[in-house]
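Student: I would like a close look at one surface patch in this structure, please. Could you then set it in the context of the rest of the chain?

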Amino acid sequence: MLKRLKKNFNSSYRLIKNGFGTLFLFELVFKLVTAGILIPSMAWIIGQTAELSGLKFISGENYIKALLSPAIIAELLIFAVILSALTMYEISYLTLCFNQTNADKPIFFLRMLKISAMDSLRLLKPKNHLMFPVIALATPLTNTAIIYTMISKFTIPQFIAEKILDRYRVEIYLIAAVALLFMLIIFCSNYFIIFCLEDCDSKQALKTNRFMLHKDRLKRLFICSVNIGIYCIVIFLASELLYVAYSLIISIFQSFPAFYALLLTGSSVITTLRDFFVPTLMVVCGYSVVCTYYFDRLKEIGEPMPRVEKPIKKEPKVNNFYMGLFITTAVGVWILSAAYTNAKSDIAGFSTDIIIMAHRGASAECPENTIPAFERAIELQADYIELDVQETADGKVVVFHDKNTRRTTGHSGVIWNMTLAELKELDAGRFYEEYRGTQIPTLEEVLELSKGRIKLNIEIKSNKHTMNLVESVAKLITEYEMQEDVVITSSVKGDLKQMKQYLPDVECGLIVSATLGNYYDYPYADFFSADKFYISKRPLSKIHRQGKGVVAWTVNDTDYIEKMIAIGVEGIITDDPLKAREKLNEANSPLRILRYLMQNK
């Protein structure tokens with residue numbers, strides 16, 4: 001078995017090595033066109049459809065409503081069909097390329113594109129309908145980067161991600177599902193190859209595949225899995241080493257600001273390329289393994305080798321070389337121009353001058369949204385206290401997060417149905433021995449406490465029962481003369497617009513999680529308060545180019561604190577301001593640049 005493993009690996013490596021130029025050229029064009037045209041086009045179309053439906057942009061607060069739109073559902077289905085068609089085209093090209101390389105008869109790049117297109121069009125014939133479910137299985141694996149890019153725009157809400165997705169049981173289910181899909185693809189790989197090379201219909205290809213798998217399933221699964229795993233590990237480690245090397249190069253040019261900025265911001269473009277080409281290389285190398293196994297299996301059972309296209313050019317490698325030179329030069333120019341465009345915004349974000357906001361006070365130690373939590377946040381020298389305000393039944397503004405009081409007080413009641421007097425009777429420190437008897441504070445009490453001591457991030461939690469919440473908050477801020485010591489945030493765009501009418505000089509932030517569409521230039525948002533799961537360097541750069549900042553919530557885990565510091569957010573909302581401050585003080589270490597690049601992923 002080990003001898004067979006080694007032979008398969010060596011033969012697959014030879015296929016990749018001999019056909020690398022043509023493979024690289026195709027994948028470069030294919031992935032860049034897909035990433036540069038398909039994804040932006042689909043995002044633009046969905047965004048336009050949402051706008052026609054009355055949504056300026058799709059965000060974490062309204063994406064469920066958007067996804068229930070029949071028009072958007074239809075568009076997503078069309079996208080899935082297009083992606084499946086592209087998957088078939090990519091498989092056809094790889095199959096043809098490996099077959100020609102195996103026969104040592106390379107053909108011109110453009111001719112391979114044409115032949116692969118003709119093979120893919122055979123799917124449209126009615127008798128080839130059996131290929132559709134197989135293509136559906138292959139699409140997620142061959143388009144990992146594309147699917148990830150699209151799905152990442154609609155991150156799962158924080159409370160679900162933290163309470164459900166982080167559980168080991170769910171992770172095991174996900175790993176098992178991926179492993180099952182992987183095994184199915186290995187068993188179906190012959191099906192693709194036979195369909196593409198034997199000029200037969202899908203039913204005949206299925207019969208031939210069954211014949212070739214007879215008494216060979218476990219051996220095929222073992223050999224292909226091991227060798228594909230080796231390729232994936234090598235590719236992953238190589239990509240990580242490139243990041244280390246790139247960071248060392250950048251550190252050399254720190255004394256040359258212009259070039260340093262260009263190299264530093266170029267990491268965003270390099271990350272984009274990595275996100276697409278690392279999965280692509282894994283797919284190409286993995287497919288070379290199964291193709292090699294197929295060719296060896298034909299020899300083993302005495303079947304003739306599949307059709308081979310005869311070269312019509314004496315020197316296709318020369319033609320492919322010039323074609324590749326032209327395309328790689330064009331891509332290189334694009335990379336440099338993109339890095340130059342992002343330079344200013346990225347360097348602006350590369351700073352340790354980050355604001356720390358205590359989430360609902362020092363809620364890691366004290367009951368959230370209470371005077372003790374706010375006092376402790378002041379002691380810990382947080383820059384801001386982040387708090388939530390709602391309106392009571394008698395029109396008072398209280399500091400409370402949930403709609404229902406059960407979670408923090410043990411008493412079930414809805415804020416807008418209760419008067420201030422009724423809320424004051426509840427024990428907000430019930431679940432803390434030291435803080436029992438703590439009352440729910442009013443915003444006025446918090447303003448009195450914080451004036452001259454700490455700034456506030458006031459989140460307005462309005463709903464259909466709210467009457468005068470925004471106006472009441474604005475009046476209290478004016479009364480205590482704290483216009484320069486507060487910022488206002490809300491997930492409701494109308495709240496920010498209304499607040500700007502009352503207090504035009506107070507900074508306002510729009511709360512976003514997963515957002516699709518042009519929200520960066522929203523006129524009533526001076527900054528954005530974003531879910532940590534959503535924040536990455538790409539949306540951050542777009543926001544910075546608008547001259548606006550980003551505050552990340554809720555960042556408690558050490559890794560996420562380091563990530564937010566590394567990618568350059570302007571503020572961090574955390575339950576533990578002391579931990580965040582310690583990590584911020586460590587951010588000036590020599591490894592900062594490497595962390596910055598590694599967090600660019």
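Tutor: A patch and its setting

On the surface, Phe20, Phe24 and Leu281 make up a nonpolar patch whose accessible area together is about 270 Å². A patch of this kind joins nonpolar side chains (Val, Leu, Ile, Met, Phe, Trp, Tyr) within 5 Å, and like charges within 9 Å, among residues with over 30% relative accessible area and no salt bridge. Accessible areas are calculated by the Shrake-Rupley method with a 1.4 Å probe, and for residues only the protein chains shown count as cover. The model is predicted, so local features need pLDDT of at least 70 and side-chain atom pairs count only at pLDDT 80 or more, whereas totals for chains, interfaces and linings use all residues. Residues are numbered from 1 along each chain as its sequence is written, and side-chain values use heavy atoms, leaving out hydrogens and water.

Phe20 belongs to helix 2 (residues 20-52); helices (H or I, at least four residues) and strands (E, at least two) are DSSP runs numbered from the N terminus. Phe20 counts as partly exposed because its relative accessibility is 43%; buried means under 20%, exposed over 50%, and partly exposed lies in between (1.4 Å probe, protein chains only). Thr280, by contrast, is buried, at 5% relative accessibility. Thr280 lies in helix 12 (residues 257-301). Setting aside residues up to four places away in sequence, Thr280 touches Glu27 and Lys31, a contact being heavy atoms within 4.5 Å.

Helix 12 also leads towards a salt bridge. The side chains of Arg111 and Glu309 meet in such a bridge at 3.6 Å, N to O; the term requires a side-chain nitrogen of Lys or Arg within 4 Å of a carboxyl oxygen of Asp or Glu. This pair connects distant parts of the chain, 198 residues apart: Arg111 sits in helix 5, and Glu309 in the loop between helix 12 and helix 13 (316-349). With a relative accessible area of 18%, Glu309 is buried.

Helix 5 (residues 109-121) has 13 residues, which at 1.5 Å a residue should span 18 Å, and its end C-alpha atoms agree with this at 19 Å apart. The expected span is 1.5 Å times one less than the number of residues. Among the residues of helix 5, Phe109, Met112, Leu113, Ile115, Ser116, Asp119 and Ser120 are buried. The loop between helix 4 (70-102) and helix 5 holds Asp104, a residue other than glycine with a positive phi, near 60°. At 63% relative accessibility, Asp104 is exposed.

Asn369 offers a second positive phi in a residue other than glycine, near 55°. Its place is the loop between strand 1 (355-359) and helix 14 (371-379). Unlike the exposed Asp104, Asn369 is buried, at 3% relative accessibility.

The structure holds 17 salt bridges. Glu368 pairs with Arg360 in one of them, with the closest N and O atoms 3.2 Å apart, and both Glu368 and Arg360 are buried. In another, Asp402 pairs with Arg407 at 2.7 Å between the closest N and O atoms. Asp402 is buried at 16% relative accessibility, while Arg407, at 43%, is partly exposed. Through shared partners, salt bridges join Arg360, Glu368, Asp388, Asp402 and Arg407 into one network.

Further along the chain, Leu510 belongs to strand 6 (residues 507-512) and is buried, with 1% relative accessible area. The C-alpha atoms of Leu510 and Tyr524 are 8.3 Å apart, although 14 residues separate the two along the chain.

For the whole protein, the secondary structure comprises 23 helices and 9 strands, and 51% of the 601 residues are buried. Among contacts with a separation of 6 or more, 68% involve residues 24 or more positions apart. The accessible surface amounts to about 29000 Å², and carbon and sulfur atoms account for 62% of this area.

Confidence varies along the model. The average pLDDT, the predictor's confidence in each residue from 0 to 100, is 79, and 77% of the residues score at least 70. The lowest mean, 44, falls in helix 8 (residues 158-165), and the highest, 97, in strand 3 (residues 397-399). Residues 151-168 have pLDDT below 50, and the stretch has 31 contacts in the model beyond near neighbours in sequence. Residues 344-349 also fall below 50, with 13 such contacts.
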